[in-house]
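Work through the exercises below with the sequence and the model side by side. Try each task before you read its solution.

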Amino acid sequence: MHRLLPSLLVVLTLSGWSSLETRSASDSPTCLIPVSGPEYYEIDLVGTRKVRGARMAKGIGEVTYASSPFGVAISATGTYVVSLNLSMENVTLDDGSSLVAWVTTPQLDQIKPLGRFSEELRVDGQTDWNKFLLVVTLEPASGDLGDIWSGPIVARGMSRSGLMHTMAGHGPFETEPCAVYGY
Amino acid sequence: MLARLLLLVFLAVPALAQDHDMMDHSGHNMNMNMGDSLVWRMPPMKMTMPMIAGTMDDVPIVGPMLPGYGMDLSMFAEAKPSEIFDLADGDTLHMDASLVRRTIDGQEYIMMAYGGMYPGPLIRADRGSKVIVEFTNNIEMPTTVHWHGLRLDNEFDGVPGVTQDPVLTGESFTYELKFPDTGMYWYHPHMREDVQQDLGLYGNMLVDPTEENYYGPSNREVPLVFDDILIDSSGLIPFGDSAPTHALMGRFGNVLMVNGITDYHLDVDKGEVVRFYLTNVANTRTFNLVFGGAKMKVVAGDVSKYEREQFVESVVIAPAERYIVDVYFDEEREYAITNSIQSIDHFRGVFVPETHHLGTIMVGSEKAEPDFGSQFVKALEFEDVQSDIADFRQYFDKQPDHNLRLTVEVNDLPRWIVMMMEVDTLFVPPMEWNDAMPMMNWLSSGEQVDWVLLDEDTGRKSMDINWNWKVGDVVKIRIFNDPKSFHPMNHPFHIHGQRFLVTEMDGQANPNMAWKDTQIIPVGSTVELLVDVTNPGKWMAHCHIAEHLHAGMMLSFTVDE
């Protein structure tokens, strides 16, 4: 660590970080206040390009708080309760097939169906998991969805919280032994 | 006199830090001077958190300060629990702020109190009444009293330099309070809240309705005041002298309290409906309160009832917010009051469930009389609130009159902090439930951090903003909490002297409103407030995280007749 920090400082300074002491809000690009959102927590649904009729598929998962008298919706265990509004585009479906949205944990140990997409390729749902993946699959247009998808994955995306990962072995903590922290 | 007292605090003090519990910091190098005067020591933190080498000797750039430090504890009267003062129209209450002796978890501390009580005296009055408070400052710092949420006359709002001069040590000020709105309110200093409020200067005002059956029935009413305080085995962690420490995230306490104690207990009968009046007086901590799985419905917010009661599993309450909830205890058992959160361990990149025990409610075998169980299960519609709000619906779709962006500027922070903050940008949580970076937070002072309210329409910032409104205006403010700032954080936004509705959040219309004076603005969110401008004068609006307020996060607005 002692060896790392000076070299990191050099790299950062050479990269233009030497002026980091002052950060001004007015220096930032003009940011119009959004009327909806929050865009920061939106989930990009990235196509797998493997499914016929959906090779250019892409989508968005909008994340807003579930209705709450407190503004921010929190469960009794402290997790965020969010509404998920998924929309897809560039998908042509065969008769007898439909897109289905699922929410799952990053470990895939829990999976819940959010439901079938509408003809407008939209579907809504809710979750209270800390980190989660949205999975869009191609399924039969009718019948019970079951506990897990059976068709191919058309698109998937990860919650913003899923991007948070350990610092052990990275950046300023590069020399911290990952194994000590269970990684 | 004041200078002499301060000299006592800073210089002529014995060491209290000598027996600092190093077990609190096993694995951390606490190579700090523990001499005879008040010195900085690292705040308590989880020992599972590794530290960057070479940073452990860092201390805040401001000096340490602790009111009453080194003084003989026996000089001070033991503070007593809060008492209720039922005041009739025109009554006068004499109340001071003073140093007191407090016992928390068996340890004695020199703290502050209004009227020698923790919390301060509960002022109870009828809606529409007026009372006088003759206030005297007996602490060693200038102070004022702000009567949070009251739509009172401007000159009594308690903002130094705006509505009054600071009340110096030994001086007095007469406040005239009026209570136009039913509900629970609170009072606190508006000078160095990070110190004075944290040390115990807070109290409630309960405004009773004049109407019959204003609320649904309940068996009893109980005020609960939630707070936290930062303590280690050597005592209170010092505050910054010329500016607050903990300017980035606010000063999270590690000891949580209900009504000023850590072992709150209440005995109730089986089947009781208890109406709790909840107030969060913490500097920065937002609580997620759970009542042991009891059925619970939220009845009212800061300044009014909701349009309709709403059943909830927990209550999210930010600093300065109040909620009135009815809780039904239908089983003979123990119900724990807990703060149930998902804290974040940034080092490991994981959420960590935490449950903080705050108190206990023991339900006995005796049945409550009368039995309101059958009425409790119905969520009441409050037509009086719906009718009041209906007059404002015509403004719900109007374009915002003001657009505010919440952001932050920093200067001269230690480079390693800047680096760490810049590196850790992959995920910023909507809410900060815990001090996830205690060392970095502690080291950031109000002299290095400027929290900014940026008026997007004019480019003006914070106290350069002075909006001009007229009595009768209905003003829409759209607030965006920028997630891409240097350090995004949730802010409880408070507007003095007026009331407002939260009409929309992130593009979603609010289906059940109450009049508010303080509202959480989560990171990344856009929240629309509709202000009912009724009260003339020069007022403030600000973040109610004490350290953010003192780091500049406030603006002014003038209301003309």
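Buried means under 20% relative accessible area. Keep that cut-off at hand, and note that this is a predicted model.

**Exercise 1. A covered strand**

Task: Find out how many residues of strand S20 (residues 287-291) of chain B are buried, and which strands pair with S20(B).

Solution.
- Step 1. Check the cover. Five of the five residues of S20(B) are buried, and the strand is mostly covered.
- Step 2. Sort the directions. Phe287(B), Leu289(B) and Phe291(B) point one way. Asn288(B) and Val290(B) point the other way. Both groups are buried.
- Step 3. Look for a partner. Strand S23 (residues 315-317) of chain B pairs with S20(B) in the antiparallel sense, over three bridges. Here Ile317(B) in S23(B) stands opposite Phe287(B).
- Step 4. Look for another. Strand S25 (residues 334-345) of chain B runs antiparallel to S20(B), and three bridges join them. Val290(B) has Thr338(B) in S25(B) as its bridge partner.

**Exercise 2. The second largest pocket**

Task: Describe the space and the lining of the second largest pocket.

Solution.
- Step 1. Take the volume. The second largest pocket holds about 490 Å³ of space.
- Step 2. Go to the centre. The lining has 25 residues, and the closest to the centre of the pocket are Lys46(B), Asn254(B), Glu354(B), Asn434(B) and Asp435(B).
- Step 3. Name the elements. Strand S17 (255-258), S25 and strand S26 (350-367) of chain B each give two or more residues to this lining.
- Step 4. Sort the lining by character. Twelve residues are nonpolar, seven are polar and six are charged.

**Exercise 3. An open sheet**

Task: Work out which strands stand at the edges of the five-stranded open sheet in chain B.

Solution.
- Step 1. Write down the order. It is S29-S37-S36-S31-S34 (chain B), and the pairing is mixed.
- Step 2. Read off the ends. Strand S29 (466-470) and strand S34 (518-521) of chain B each have a single partner strand, so one side of each lacks a neighbour in the sheet.
- Step 3. Add the twist. From one strand to the next, the twist averages 25 degrees.
- Step 4. Inspect one pair. S29(B) and strand S37 (residues 554-560) of chain B are parallel, with five bridges between them. Asn466(B) faces Ser556(B) in S37(B) across this pair.

**Exercise 4. Charged pairs**

Task: For three salt bridges of chain B, say which parts of the chain they link and whether the partners are buried or exposed.

Solution.
- Step 1. Start with the principle. Side chains of opposite charge can pair when their charged atoms come close.
- Step 2. Take the total. Over all chains, the structure holds 35 salt bridges.
- Step 3. Try Arg251(B) and Asp198(B). Their closest N and O atoms are 3.3 Å apart. The pair links distant parts of the chain, 53 residues apart. Arg251(B) sits in the loop between strand S16 (239-240) and S17 of chain B, and Asp198(B) in the loop between helix H2 (193-196) and strand S12 (203-208). Arg251(B) has 2% relative accessibility, so it counts as buried. Asp198(B) also has 2%, and is buried.
- Step 4. Try Arg285(B) and Asp228(B). This salt bridge spans 2.7 Å, N to O. Arg285(B) lies in the loop between strand S19 (272-280) and S20 of chain B, while Asp228(B) is in strand S13 (residues 220-229), 57 residues apart. Both Arg285(B) and Asp228(B) are buried.
- Step 5. Try Glu321(B) and Lys516(B). The N to O distance is 2.8 Å. Glu321(B) is in the loop between S23 and strand S24 (322-329) of chain B. Lys516(B) is in the loop between strand S33 (508-509) and S34, and the partners are 195 residues apart. Glu321(B) and Lys516(B) are buried.
- Step 6. Look for a network. Arg151(B), Asp181(B), Asp388(B), Arg499(B) and Asp532(B) are joined into one by salt bridges that share partners.

**Exercise 5. Chain A**

Task: How many helices and strands are in chain A, and in what pattern?

Solution.
- Step 1. Count. Chain A has one helix and eight strands.
- Step 2. Read along the sequence. The pattern is α-β-β-β-β-β-β-β-β.
- Step 3. Check burial. Chain A has 183 residues, and 48% of them count as buried.

How values were computed
Residues are numbered from 1 along each chain as its sequence is written. Chains are lettered from A and ligands numbered from 1 in the order in which they are written. This is a predicted model: local features need pLDDT of at least 70, side-chain atom pairs count only at pLDDT 80 or more; totals for chains, interfaces and linings use all residues. Side-chain values use heavy atoms; hydrogens and water are left out. Buried means under 20% relative accessible area, exposed over 50%, partly exposed in between (1.4 Å probe, protein chains only). Helices (H or I, at least four residues) and strands (E, at least two) are DSSP runs, numbered from the N terminus. Two strands pair if DSSP finds at least two bridges between them. On a 1 Å grid over the protein atoms alone, a cavity is a set of points where a 1.4 Å probe fits but cannot get out, and a pocket is an open set with protein on both sides within 12 Å along at least five of seven lines; lining residues have an atom within 4 Å of a point. Grid points are joined across faces, edges and corners, and a volume is the space filled by probe spheres set on the points. Ala, Val, Leu, Ile, Met, Phe, Trp, Tyr, Cys and Pro count as nonpolar, Asp, Glu, Lys and Arg as charged, and the others, Gly among them, as polar. Axes are lines fitted to C-alpha atoms, for helices over the stretch in contact, and angles run from 0 to 180 degrees between N-to-C directions. A salt bridge is a side-chain nitrogen of Lys or Arg within 4 Å of a carboxyl oxygen of Asp or Glu.
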